[in-house]
Each structure stands twice: as structure tokens, then as C-alpha cells.
Amino acid sequence: MAAPAALTESGAYEEASVPALGALRRLLMAPSLDDVSFAGRGFTVEPTPLTQQLEAVPQAVVTGFEWGIEDKDLATTERRLALIAPLNRGFAYEGATMACAIRDTMGPGGHRAADLMRGGGRPHIFLNYIGIGFAMAKLPRPLWKKLVPTLTEPDLYPAMSWLCVDGYGFDRAYFDTDTWVGGQRLDAPYDWDGDPSYWQRAFDQGVGRALWFIHGGHVGNVSAAVRAFAGDRRADLWSGVGLAATFAGGSTPSDLAALRAEAGELAGHLAQGSVFAAKARHHAGFVPEHSEAAVAAFTGRTVEAVARLADGCAATDPEQGAGPAYEVWRRNVRTQLGALVV
């Protein structure tokens, strides 16, 4: 049997036995496929083809994580990820990025996440950031500063690192629903990208995405869950709902129309989330029918049109006091859509 990993003076683990470490990491940090199922989480969701499609999403994340945490070579992980159908490949990359980020923190000089994001994960860059957020949920805050690679290339969208916070919020809500949804707990601010005041807003977009899964895309239940939150949190929650409904699917055209009506005066935030999801799908090179339908229902436009709109709304150098570039981008999207800005 190979020797166990040794703890260095810096507190990092040397990878003396990659298979042993991989099994240990998976045991300690990864839920099983049953654990992430709707029944396993205790969510009251009626089994239908649409809800089964949603349920496959967290299972794809877990699968990607297991490969990313166990594989000795990143090339092996990327070959495995390429076997996942395009519909869920981005979600598998979320899990793999989570694994790579965790491995980077456990060894000196780790750059596995950066290599993945610059390599096979490049088309899924937005979901890669979300995967780092999942890693944040498993690690103590002092280690967070090591998680996000320094990425400056424009097509890696460094301003979108706020999606890490979104992923963290999703994880909290999905795996501790009583606390973060039922109890509506506010998270302690963290100085992310130099703006701790924006932390909760990005976190809440992730909670909104989780609500879509927790309620299996049921329009009435999702809408009621959003309205149960304090009024100043609902806009970001609706943004997350729009993102999840567009990217992951799980609803019919009539459901989508009903969801837009339920959002009421905050429909602009629902639409903004949809635009983000459409941009992510378009960037990855695969746009499923449900994404086309959601974009049409929420914005009245095509995926191609809103992807161009998203590119035109990027804020490369926001003015002082305007908020992080990510928020300026979100606000610009709502303005360009002609929606009510709240």
C-alpha cells in the first residue's frame, strides 16, 4: 500500500498517493448520486420527464467532481468530460472545476483549476466559476483566496468571478435548505473583488437558482418561495430563477409564460438571468430547445440576439460607485431589454 500524504510545514498535503488521496477527498467532500437526488434531499417533487431532466443536473456535477478529484492527469478528466452529452457537459465541468480547485488548495503551487479553465473548460467558463463556488462551500474562508486562478484573458471573463459567490449560495441553499431558504439566513459578507457590500446580492442569485431545483421547476411553488423572502432580496432571487429555468430547463412554454407573469414588476431581473444563461449556452456552442423557449418567453428575443446584447453590455471600467463590473453588466442588460429597473 502506498504511503499516505504527508503534511508539509506550510500545512499543505503532498500527493504521495494520488488514488488514496482521491478516494479520501471524495469520501469527505462529495455527496453520492442519491444524496443529490430530489428524494435524497427531501424535496417534494413529482417525478416527470421534465423533473428527471432537472435531477440529472446535480448528478452530472457529482460525476464531474469524482473524475476531477480522482484522476491523476487532467487530460484524463477532460477526455471523460468530453463523453458527457452537450446538454449536461457544462454541469459536469462545474464539478470537475470544484475538484481541481480543492486539489489546488491541498498542494503547493497548484494550478489545476487554471489549466482546466484555459483548456477543455474554456467553452464552459461561466460554469467553471460556479464550480469554484461549490469548492468554497467545502473549505474554510481563509483558503478562499487560493481558489480563484488569476485569469486576465478577455474570453475568460474575469469580471464574472462573482459567479463563484453564486455557486456558493446555490450550494448553501440546496444542501441546507432549512437554514438558507426556510430560515432565510443572511450570509456573512466577504471582501470579494474588493466589494463586500455586493456579496449578499451575488449569493442570492445562487439561492434563486437553487429554488428552481428545490421545487422541481414548479412555477407556483418557485414563485411562492421567492415571495416568502424579504422584499429587498427578491430581485436577485428572480435573476437566479431566470438563469436556472433558461439554462437547465424543466418547464413547458405555458409554464414559462406563467413564470414571467408571476415575476411582475421584477420580470426585468428574471429576463436578465435568462440572458446570462443564454450567453453561457451560446458561448459553449450548444443551445437546447428549452433555452430558446425560455429566452423567447422572458425577453421576446432569440438566443443569438441576447448573446450579442450581453456582449455589448459588458463594463470593462465601471465608474466609481457604480458597483462591481458584474453588477454594471446586469444593470445594463436590464436597461437594454427595456425592462423596469428596480
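Reader: Why does phenylalanine 213 count as buried?

Author: Phenylalanine 213 has a relative accessibility of 3%, and buried means under 20%, so the word applies. Please keep in mind that this is a predicted model.

Reader: And what makes phenylalanine 170 buried?

Author: The test is again under 20%; with a relative accessible area of 9%, phenylalanine 170 is therefore buried.

Reader: Let's turn to ring pairs. How many aromatic pairs does the structure hold?

Author: There are 22 aromatic pairs. One of them joins tryptophan 144 and tryptophan 199, with 5.8 Å centre to centre and 20° between the planes.

Reader: Why is the pair of tryptophan 144 and tryptophan 199 called stacked?

Author: Ring centres must lie within 6.5 Å to pair, and planes under 30 degrees apart count as stacked. The values of 5.8 Å and 20° meet both limits, so this pair is stacked. Tryptophan 144 sits in the loop between helix 7 and helix 8, while tryptophan 199 belongs to helix 10, 55 residues apart.

Reader: Are these two tryptophans buried or exposed?

Author: Buried means under 20%. Tryptophan 144 has 2% and is therefore buried, and tryptophan 199, at 0%, counts as buried too.

Reader: How do you know that phenylalanine 170 and phenylalanine 213 form an edge-to-face pair?

Author: Their rings are 5.7 Å apart, centre to centre, with 85° between the planes. Planes over 60 degrees apart count as edge-to-face, so that is the right name here. The pair links helix 8, which holds phenylalanine 170, to helix 10, which holds phenylalanine 213, 43 residues apart. Both rings belong to one aromatic cluster, whose members include Phe38, Phe43 and Phe134.

Reader: Why are helix 7 and helix 8 described as oblique to each other?

Author: Their axes come within 6 Å and cross at roughly 50°. Angles under 35 degrees are roughly parallel, and 65 to 115 roughly perpendicular; 50° falls outside both ranges, so the helices are oblique. The crossing of helix 7 and helix 8 is right-handed. The residues of this contact divide into 11 nonpolar, two polar and four charged.

Reader: One more, if I may: what makes tryptophan 329 buried?

Author: Happily! Tryptophan 329, in helix 17, has a relative accessible area of 4%; that is under 20%, so tryptophan 329 is buried. Leaving aside residues up to four places away in sequence, tryptophan 329 touches Met160, Gln272, Phe276, Ala310, Cys313 and Ala314.

Definitions and conventions
Residues are numbered from 1 along each chain as its sequence is written. This is a predicted model: local features need pLDDT of at least 70, side-chain atom pairs count only at pLDDT 80 or more; totals for chains, interfaces and linings use all residues. Side-chain values use heavy atoms; hydrogens and water are left out. Axes are lines fitted to C-alpha atoms, for helices over the stretch in contact, and angles run from 0 to 180 degrees between N-to-C directions. Helices (H or I, at least four residues) and strands (E, at least two) are DSSP runs, numbered from the N terminus. Angles under 35 degrees count as roughly parallel, over 145 as roughly antiparallel, 65 to 115 as roughly perpendicular and the rest as oblique. A crossing is left-handed if the near helix is turned anticlockwise from the far one by less than a right angle, and right-handed if clockwise. Ala, Val, Leu, Ile, Met, Phe, Trp, Tyr, Cys and Pro count as nonpolar, Asp, Glu, Lys and Arg as charged, and the others, Gly among them, as polar. Rings of Phe, Tyr and Trp (its six-membered ring) pair if their centres lie within 6.5 Å; planes under 30 degrees apart count as stacked, over 60 as edge-to-face and the rest as tilted. Buried means under 20% relative accessible area, exposed over 50%, partly exposed in between (1.4 Å probe, protein chains only). Contact means heavy atoms within 4.5 Å.
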